[in-house]
Amino acid sequence: MENVTKRLFAIQDLKYRDFISSLIPTIDKDNVIGIRSPVMKTFAKKFAKEKDSYLFIKEVPHRYLEENYLHAALIPFISEGIDQIINNIDEFLPYVDNWAVCDSLPPKVFGEHHDTVYPRILNWFKSEHTYTVRFGLVTLLTFFLDDHFSADINDIVASIESEEYYINMAIAWYFSYALIKQYEETLPLFQNDIIKNSWVHNKSIQKAVESYRISGDRKEYLKSLRKKR
């Protein structure tokens, strides 16, 4: 919607545009407006109360990164109930083309609906679209590594095979958090060579040992489990 785009450009920060563009190499800098996160969130909350917000999420694809950020932020505000939230996410996911929008998409309300969300995660894993699979992984590591954790989840993630960097990076991110939060349940995957992708195996360990939440002894042991390339 042209009017919405003009309003986004009105809160543009060109220095931030240069910075954020460098972090998201999969999108053209010409498709980045440059809006800092707190400003974007404030705009989204206000815009969600306007009639045009319902029309905006139907007009896909969007051109600009910030339009996609706005779309992701609007979904929890303008959807009625968890089923509609998930349906609106499913409609949007095919248009997500970068890690930043993907990782901003899981809404906090997912944490109140584990039984509803989990089967959908398994469905997202079946997609051939990179950022749909990544979305499932980000949702899993955000909402299923605490009270709703199951060792079966680790096995499912370990079974995902991909040549896509942004999927494999999300798998490594997931396992690094699993080592932090569910160490005893997750360690056997690294001891028994369950994660076949050596890059994912080693990147998971690298990210885990960078955390202050893992003890020094565990860090040293994890380092000993790195695979030689």
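The axes of α10 (151-158) and α11 (165-181) come within 11 Å and cross at roughly 155°. Axes are lines fitted to C-alpha atoms over the stretch in contact, with angles from 0 to 180 degrees between N-to-C directions. The two helices are therefore roughly antiparallel (over 145 degrees). Their crossing is left-handed, meaning that the near helix is turned anticlockwise from the far one by less than a right angle. Ile 153, Asn 154, Val 157 and Ala 158 of α10 meet Ile 171, Tyr 174, Phe 175 and Ala 178 of α11; contact means heavy atoms within 4.5 Å. These residues divide into 7 nonpolar, 1 polar and no charged.

The model is predicted; local features need pLDDT of at least 70, side-chain atom pairs count only at pLDDT 80 or more, and totals for chains, interfaces and linings use all residues. Residues are numbered from 1 along each chain, and side-chain values use heavy atoms, without hydrogens and water.

In α12 (residues 183-191), Tyr 183, Thr 186, Leu 187, Leu 189 and Phe 190 are buried (under 20% relative accessible area, 1.4 Å probe, protein chains only). They cover an arc of only 155° around the axis, which puts them on the same side of α12. Their cover includes α10, α11, α13 (198-209) and α14 (216-224). Just after α12, Asp 193 takes a positive phi of about 55°.

Helix α3 (residues 37-47) buries Met 40, Phe 43, Ala 44 and Phe 47. Their arc is only 100°, which places them on the same side of α3. Among the elements covering them are α1 (2-9), α4 (52-56) and α5 (65-78). Pro 38, Lys 41, Lys 45 and Lys 46 are exposed (over 50%) on the face turned away.

Definitions and conventions:
Helix = DSSP H or I, 4+ residues; strand = E, 2+ residues; numbered from the N terminus. Arc of directions from axis to C-beta. Parallel < 35°, antiparallel > 145°, perpendicular 65-115°, else oblique. Nonpolar A, V, L, I, M, F, W, Y, C, P; charged D, E, K, R; others polar.
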